[in-house]
2 protein chains.
Amino acid sequence: MYSEPVTQLIEAFAKLPGIGNKSAQRLAFHVIQLPKERAETLANAILQAVHTVQYCSICCNLADNDPCTICQNSKRDLHTIMVVEDPRDMAAYERTREYHGLYHVLHGVLSPMNSVGPNELKIAELLKRIQETSIEEVITATNPTVEGEATAMYISRLLKPLGVKVTRIAHGIPVGGDLEFVDEVTLTRALEGRVEL
Amino acid sequence: MYSEPVTQLIEAFAKLPGIGNKSAQRLAFHVIQLPKERAETLANAILQAVHTVQYCSICCNLADNDPCTICQNSKRDLHTIMVVEDPRDMAAYERTREYHGLYHVLHGVLSPMNSVGPNELKIAELLKRIQETSIEEVITATNPTVEGEATAMYISRLLKPLGVKVTRIAHGIPVGGDLEFVDEVTLTRALEGRVEL
């Protein structure tokens with residue numbers, strides 16, 4: 001139907017997550033009709049990112065230098081590690097400017113349904129950090145999903161025998177949220193986690 | 001927040017139509033974590049398409065050869081042109097295997113709101129084809145939107161004085177559709193366009 005290079009571009013886009021065949025066609029025709037320089041910018045950004053970005057050997061974040069900027073920064077609190085599922089969650093906490101410790105990126109959560117066990121995650125790397133450096137607290141900041149909770153629990157059981165404090169970020173009503181529209185589990189968690197004023 | 005190559009890739013994805021900042025982040029991290037060869041396939045597909053695909057000098061379709069395969073095919077009905085908005089509409093009609101004439105791709109529709117006039121579309125090229133070749137019928141197959149209808153009307157007024165028959169694809173109830181859920185305008189069009197059995 002389409003010429004060969006167009007078909008190949010559509011197929012390449014369609015392989016990306018959340019992009020179906022129709023969206024892939026729309027993207028392909030958009031890119032083809034871009035000025036050549038702008039299309040090349042996209043292609044080069046892909047090549048550049050793929051060739052320079054790697055896992056930080058300490059926290060497993062994706063970065064273009066190793067150790068990454070955060071692990072290299074001696075001004076951060078070197079005794080606290082926040083464990084997150086992926087680099088985007090880490091970026092979300094960095095945007096708060098309220099957390100000054102280190103991170104550890106698991107690159108996923110335990111999910112027996114999808115055959116993701118501890119060996120598929122960066123858990124051995126986390127264990128090594130705890131054993132080799134003076135970490136006092138590990139904050140589990142995986143998402144509040146079934147898998148996220150299970151992963152936090154697994155890490156807690158793994159690390160507590162090593163004498164390290166393991167905490168979990170609080171669950172509760174989101175700021176600006178409306179109680180009426182918050183689900184029962186969150187309401188219960190918010191009640192359980194109440195603090196004295 | 002992210003390292004420079006990651007930020008650049010996110011920004012390049014976010015410039016694509018229908019891709020917001022969150023989707024761009026998701027795509028960028030997906031691509032970065034792909035095997036290098038697969039990411040290169042995507043980048044190369046973009047470069048390949050941008051460098052080889054061009055407008056067919058006859059029908060203005062996007063193709064990697066000029067004239068395009070359809071315009072080169074002497075077995076097609078050379079006296080009929082179907083005018084479509086973009087290459088995807090052309091591909092949709094090719095999939096029916098029921099149309100054997102030629103095409104003309106406008107690359108848009110008349111839209112004064114978006115400053116798209118006849119000069120922004122491939123209308124001069126259409127006029128030239130009518131004048132230089134023996135076209136008997138022009139089928140306007142623009143979408144049944146306000147702009148699509150206006151564009152079909154404009155082309156009709158432009159070409160009729162040249163003695164060419166100008167037709168419009170039929171509007172009506174989609175096959176498999178349910179009358180109950182079809183809008184009034186379509187129902188009226190279907191009634192007007194009724195054919196004897």
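## Report on a predicted two-chain model

T80(B) is placed in strand 3 of chain B, a strand that spans residues 77-84. The model discussed here is a predicted one, and T80(B) is a convenient residue from which to start reading it. Because its relative accessibility is 10%, and the limit for a buried residue is under 20%, T80(B) counts as buried. Once its neighbours within four places in sequence are set aside, T80(B) is in contact with Y99(B), G101(B), L102(B), E137(B) and I139(B).

### Confidence

The model as a whole scores ipTM 0.77 and pTM 0.76. Chain A has a mean pLDDT of 90, with 99% of its residues reaching 70 or more. Within chain A, the lowest confidence falls in helix 8 (residues 184-192), where the mean is 80, and the highest falls in strand 4 (residues 101-105), at 95. As a general caution, predicted coordinates should not be read in detail where pLDDT is low.

### The nonpolar core and the residues of both chains

Which residues touch the most other members of the largest nonpolar core? Of the 50 residues in this core, they are F13(A), I46(A), F13(B) and I46(B). Both chains contribute: helix 1 (4-14), helix 2 (21-32) and helix 3 (36-52) of chain A, together with helix 1 (4-14), helix 2 (21-32) and helix 3 (36-52) of chain B, each supply at least two residues of the core. The surroundings of I46(B) can be listed in detail, for this residue is in contact with L9(A), F13(A), V31(A), A39(A), L42(A), A43(A) and I46(A), when neighbours within four places in sequence are left aside.

Contacts that involve both chains also appear at Y2(B), which is found in the segment before helix 1 of chain B. With a relative accessible area of 18%, Y2(B) falls under the 20% limit and is therefore buried. Apart from neighbours within four places in sequence, Y2(B) is in contact with P87(A), R88(A) and A91(A) of chain A, and with T7(B), I10(B), Q25(B) and F29(B) of chain B. Between Y2(B) and G101(B), which are 99 residues apart in sequence, the C-alpha to C-alpha distance is 53 Å.

### Helix 5 of chain A and the loop that follows

M90(A) has its place in helix 5 of chain A. The relative accessible area of M90(A) is 5%, which is under the 20% limit, so this residue is buried. Not counting residues up to four places away in sequence, M90(A) touches N61(A), I70(A), V84(A), Y103(A) and V105(A). The C-alpha atoms of M90(A) and V185(A), which lie 95 residues apart along the chain, are separated by 25 Å.

The loop between helix 5 (87-96) and strand 4 of chain A contains E98(A), and R97(A) is found in this loop as well. Are these residues buried or exposed? E98(A) is exposed, with a relative accessible area of 66%, and R97(A) counts as exposed at 67% relative accessibility. From E98(A) to R168(A), 70 residues away in sequence, the distance in space is 16 Å, C-alpha to C-alpha.

### Backbone features

R97(A) also has a positive phi, although it is a residue other than glycine. In chain B, S115(B) has a positive phi without being a glycine, and S115(B) is exposed, with a relative accessible area of 57%. Cis peptide bonds precede P67(A) and P67(B). The table sets out these four backbone features with their angles and places.

| Feature | Angle | Place |
|---|---|---|
| R97(A), positive phi | near 55 degrees | loop between helix 5 and strand 4 of chain A |
| S115(B), positive phi | about 55 degrees | loop between strand 4 (101-105) and helix 6 (123-132) of chain B |
| D66(A) to P67(A), cis | omega near 0 degrees | P67(A) in the loop between strand 2 (62-63) and helix 4 (69-72) of chain A |
| D66(B) to P67(B), cis | omega about 0 degrees | P67(B) in the loop between strand 2 (62-63) and helix 4 (69-72) of chain B |

### Packing of helices 6 and 7 in chain A

The axes of helix 6 (residues 123-132) and helix 7 (residues 146-159) of chain A come within 11 Å and cross at roughly 35 degrees, and the crossing is right-handed. On the side of helix 6 the residues that meet helix 7 are I123(A), L126(A), L127(A) and I130(A), while helix 7 offers Y154(A), I155(A), L158(A) and L159(A). By class, this contact has eight nonpolar residues, with no polar and no charged ones.

Definitions and conventions
Residues are numbered from 1 along each chain as its sequence is written. Chains are lettered from A and ligands numbered from 1 in the order in which they are written. This is a predicted model: local features need pLDDT of at least 70, side-chain atom pairs count only at pLDDT 80 or more; totals for chains, interfaces and linings use all residues. Side-chain values use heavy atoms; hydrogens and water are left out. Axes are lines fitted to C-alpha atoms, for helices over the stretch in contact, and angles run from 0 to 180 degrees between N-to-C directions. Helices (H or I, at least four residues) and strands (E, at least two) are DSSP runs, numbered from the N terminus. A crossing is left-handed if the near helix is turned anticlockwise from the far one by less than a right angle, and right-handed if clockwise. Contact means heavy atoms within 4.5 Å. Ala, Val, Leu, Ile, Met, Phe, Trp, Tyr, Cys and Pro count as nonpolar, Asp, Glu, Lys and Arg as charged, and the others, Gly among them, as polar. pLDDT is the predictor's confidence in each residue, from 0 to 100. Buried means under 20% relative accessible area, exposed over 50%, partly exposed in between (1.4 Å probe, protein chains only). A nonpolar core is a set of buried Ala, Val, Leu, Ile, Met, Phe, Trp, Tyr and Cys residues joined through side-chain atoms within 4.5 Å.
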